[in-house]
Amino acid sequence: MTKTLLSVRNLRIEFPTRRGTLVAVDDVSFDIMPGEVLGVVGESGAGKSLTGTAIIGLIEPPGRIGAGEILLNGERIDDLPSERMRRIRGRRIGMVFQDPLTSLNPLYRIGHQLIETILTHTAMDRTAARRRALALLAEVGIPAPDARIDNYPHQFSGGMRQRVVLALALAANPELIIADEPTTALDVSVQAQIIALLKRLCRDHRTAVMLITHDMGVIAETADRVAVMYAGRIVEIGAVRDVVKSPRHPYTIGLMGSIPKPDVDTPRLTQIPGSMPRLTAMPPGCAFHPRCPQAFAPCAARRPNLKPHGNAEVACWLFEPGAETCG
Amino acid sequence: MTRPAGGLAALFDNDLVHSFLHSKVTMVAALVTLAIVLAAAFAPWIAPHDPFDLRQLSLLDSHLPPAWAPDGDRRFLLGTDDQGRDVLSAILYGARISLGVGGLSVALAAALGIVLGLVAGYAGGAVDSLIMRAADVQLTFPAILIALLIDGTMRALSGEARNEETAFWVLVLSIGLSSWVQYARTVRGSTLVEKNKDYVLAARLIGLSPTSILFRHVLPNVMGPVLVIATINFGLAIILEATLSFLGVGLPPTQPSLGTLISIGNKFLFAGEWWIAIFPGATLAGLVLAINLLGDWLRDALNPKLR
Amino acid sequence: MLAFLVRRALQALLVLLVVALIAFTLFRFVGDPINQMVGLETTAAERAQLREALGLNDPVVVQFGRFVWHALHLDFGVSYQFKQPVVALIGERLPATIELAFVSALFALLLGIPMGVHTALNRGSWLSTLLLTVSLVGISLPVFLTGILLIFIFAVTLGVLPSFGRGEVVRVGFWTTGLLTASGLRAIVLPAVTLGLFQLTLIMRLVRSEMLEVLRTDYIKFARARGLTDRAINFGHALKNTLVPVITIVGLQLGSVIAFAIITETVFQWPGMGLLFLIAVQNADIPVMAAYLLLVAAIFVTINLIVDLLYAIIDPRIRVEARSA
């Protein structure tokens, strides 16, 4: 049986403030297998980016990991000294962010930034590093890499920049890439290209991807499995086909209903009334119950945990074995 | 359509008060400033002597060191200068003048800058260009140069009969005119932003006059940054006045500010009579330091990015 | 790039013209030039003659033109007090001020930048707290007070450094320098430190705040995510990005250094342009004031232009923008 690449167990990320400790990510657990694409979907503020940032060890104080473990290939990485964590970053876990323009240092040529990254993680010399940089640029689809390697970031278009960012993230051949909203800042026409590129690259390099996005469509296209996050918790997790075709959690159902489907005639898109609760005003029990059309007695009282149901896992009292449901 | 809640209402919400009470340094700074301001305001009543009453002065009392020194006299706590003037009293009266010039010049600069900024931002076009060009030209020069220039021009204009009574107002004018630009720029920027907002449009549709819109609607939204600028400006104005007085082109020895006192005391440093210069100097430095600390705290407390 | 420079140069010219206008107004209309030049015995008829001969009855525009023309030839008339050509007076004292400004700026940069970097990278350390506190005091102390304190400590109490004058100077061509003699070097220490202290404070705080801003950017976050070393991030990326805006602001500060030199020169009786200007203000010596104004404006404007040019060279984004402008 293949060994799990990344294992997140009961992760809790909190922010001490003068009004008390706010819990932004609450008891989140999931696994990622080598080469797998796990989508993490949810509204802004659901805690998806924070989870990704925690995995790569870049949570900014006062935020901190309050509880839980993060294991890479069986070894804990959440409590490593900073120098050891630094060596993991880029080399074993990479991360790309939303806005490619601000992700690149405007004062350095992209060749310089690529070569610097390569040299940090490998024992090559400069000439070899430059060759590798050129190869990477070609691989991500930058035309005429020889000419463009000495360009500055602002000389590239948005889509090209994101390709460069991907090249940088893959430079040291990490086993896992955390992609935090990689297409949100791009034109719609370019988004598809970048997603396709990401898929191809990860397949070719056998890199696992944690794809964080609020765009369910991207997940449906790209991911193998998907985790749906709401208010810092995972409410449903399973194979993409299952979750998309037969969503179980009422929130997931709402999400699916809000995606326009060109081949299906829907009179109106579903809209989930209300909005996600603020961290300072988290409802008791299930965080979604105030907005849930199917809420009933236990929902306000106790928080549901992820339980297997069919091929997926759902955190909802509706699916608790033995629970009485009305629909 | 609701009017955006901004400006003064937001100023006094809990975060500000909380951050104030949490910072010991800021509280001390505020206390010091308050103490000096009050002492200066009530100087005529609390000063042990009147340093300008020629009848009270006696040359026999001159050059006395502070009370705790061997030759000191209990009547003159901080010593006396070459004319027999009590240094402590001189400091109280001097602080009064320094704060007076500082405060009034800030008021002038703020008033001028706010009005020009509002007009430039709201009117746009040629008016805006003109005001901003003037601002640019003035910004090329440091405030002290401009203040010196205005001061020198006034002197030349009044010819030989240099009126010592007008020195106070000449200073207020020079310093005030040299510092309006910061206010104007900030206010203009905010006006440009607010101008396009719906509530301004609505106000115009109702038929409110531009002046009314500007002062009742746009201005409150701009007061936060203006307050920060004013605080920092206050410290700078006091320093500028002290500098001008020290250089001999500010307040004369007949109504000395802290700067003038320091320049008088400077002459006696070599003779070892340090108290005449050092005590006013310490007061000046302490005052400006306290104001700067307040300004720093205010800026951080009102900065939306840090909240 | 060329268009960009030309635009900037034209703006600079505009500023100079406005300043020239102000200087001319001062020169011509504040006080009466004739009264300043002649004694009490001169008759009214002779004054009228003089007025005509000097072209003081010509249309204002013509007089302004003449003023500008003379200014370009460095002819600013004669000082009311000293009865000498203004240009000679200024020229004699220019080197002293320039040297002082230069040494003080060097002092401020060499100490200020490392201090700023340290306080940005080591936010909690005792050294940072100390430096920040001292910097706050530095901003609050007026330049003249710093000078007096330094004189009191080093000249009066300890007696190790001189409290006034420039020491021995060496004449090199048209320039006089105090940097080549021992007494000259000793004499420049206290004034340079006085003038440099407020700059140092400013630079330190500026570098600190810029660096803190830079360290919060996405590209630094991405650099960290790529596993670059702290050294590479702090000194390779962050520092370079910090220094770019810092250079601009420092360059623009050079102008105010020349202004503050007035104060420093007064405290230390340093024989520079600033002291000359101050004496002119005290005595309503309009020609000197006007000339100083123009000269200083020219210096400021040139510095601004150079800084713009430097910025364009360093920041590749502006280079491209300028090219496409």
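**Entry 1. N173(A)**

I looked up N173(A) and found that this residue is partly exposed, because 14 other C-beta atoms lie within 10 Å, a count between the limits of 12 or fewer for exposed and 20 or more for buried. I note at the outset that the model is predicted. N173(A) is not a glycine, yet its phi is positive, at about 55°. I located N173(A) in the loop between α7 and β7 (176-180) of chain A.

**Entry 2. A231(A)**

I then turned to A231(A), where phi is near 50°, again a positive value in a residue other than glycine. Is A231(A) buried or exposed? I recorded A231(A) as buried, because 24 C-beta neighbours fall inside 10 Å and 20 or more suffice for that class. The loop that holds A231(A) runs between β9 and β10 of chain A.

**Entry 3. The hairpin around A231(A)**

I followed the two strands on either side of this turn. β9(A) and β10(A) form a hairpin, with 2 residues between them. Strand β9 covers residues 225-230 of chain A, and its pairing with β10(A) is antiparallel, over 6 bridges. I picked out one position in this pairing: M229(A) stands opposite I234(A) of β10(A).

How many of the 7 residues of β10(A) are buried? I found 6, so I entered this strand, residues 233-239 of chain A, as mostly covered. β10(A) is also joined to strand β12 (residues 312-314) of chain A, by 2 bridges and in the antiparallel sense. Here E236(A) has V314(A) of β12(A) as its bridge partner.

**Entry 4. The sheet of chain A**

I next placed these strands in their sheet. The sheet is open, has 8 strands with mixed pairing, and follows the order β6-β7-β8-β3-β9-β10-β12-β11 in chain A. Which strands stand at the edges? I noted β6 (93-96) and β11 (307-309) of chain A; each has a single partner strand, so one side of each has no neighbour in the sheet. On average, and with direction ignored, neighbouring strands of this sheet are turned by 20° against each other.

I checked a parallel pair as well. β7(A) pairs with strand β8 (residues 208-213) of chain A in the parallel sense, over 5 bridges. The bridge partner of I177(A) in this pairing is V209(A) of β8(A).

**Entry 5. Helices α4 and α7 of chain A**

I examined how two helices of chain A pack. Two packed helices are described by the angle between their axes and the distance between the axes. For helix α4 (residues 110-121) and helix α7 (residues 158-170) of chain A, I read an angle of about 20° and axes 9 Å apart. That angle makes α4(A) roughly parallel to α7(A), because angles under 35 degrees fall in that class. The crossing of α4(A) past α7(A) is right-handed.

Which residues make the contact? From α4(A) I listed I110(A), Q113(A), L114(A) and T117(A), and from α7(A) I listed V164(A), A167(A) and L168(A). By class, the residues of this contact are 5 nonpolar and 2 polar, with no charged residue.

**Entry 6. A cis peptide bond**

I looked up the bond between P61(A) and P62(A) and found a cis peptide, with omega about 10°. P62(A) has its place in the loop between α1 (48-55) and β4 (64-72) of chain A.

**Entry 7. Chain B and its side towards chain C**

I moved to chain B, whose secondary structure consists of 13 helices and 0 strands. Chain B has 307 residues, of which 48% count as buried. I also looked at contacts in chain B between residues at least 6 apart in sequence; 70% of these join residues at least 24 apart.

I then took up the contact between chains B and C, to which chain B gives 35 residues and chain C gives 35 residues. On the side of chain B that touches chain C, the elements giving two or more residues are α7 (143-158), α11 (210-246), α12 (258-266) and α13 (275-302) of chain B. Which element gives the most to this side? I entered α7(B), with 10 residues. By class, I recorded 24 nonpolar, 9 polar and 2 charged residues on the side of chain B that touches chain C.

Note on methods. Residues are numbered from 1 along each chain as its sequence is written. Chains are lettered from A and ligands numbered from 1 in the order in which they are written. This is a predicted model: local features need pLDDT of at least 70, side-chain atom pairs count only at pLDDT 80 or more; totals for chains, interfaces and linings use all residues. Helices (H or I, at least four residues) and strands (E, at least two) are DSSP runs, numbered from the N terminus. Two residues are in contact if their C-beta atoms, placed from the backbone, lie within 7 Å. Ala, Val, Leu, Ile, Met, Phe, Trp, Tyr, Cys and Pro count as nonpolar, Asp, Glu, Lys and Arg as charged, and the others, Gly among them, as polar. Axes are lines fitted to C-alpha atoms, for helices over the stretch in contact, and angles run from 0 to 180 degrees between N-to-C directions. Angles under 35 degrees count as roughly parallel, over 145 as roughly antiparallel, 65 to 115 as roughly perpendicular and the rest as oblique. A crossing is left-handed if the near helix is turned anticlockwise from the far one by less than a right angle, and right-handed if clockwise. Two strands pair if DSSP finds at least two bridges between them.
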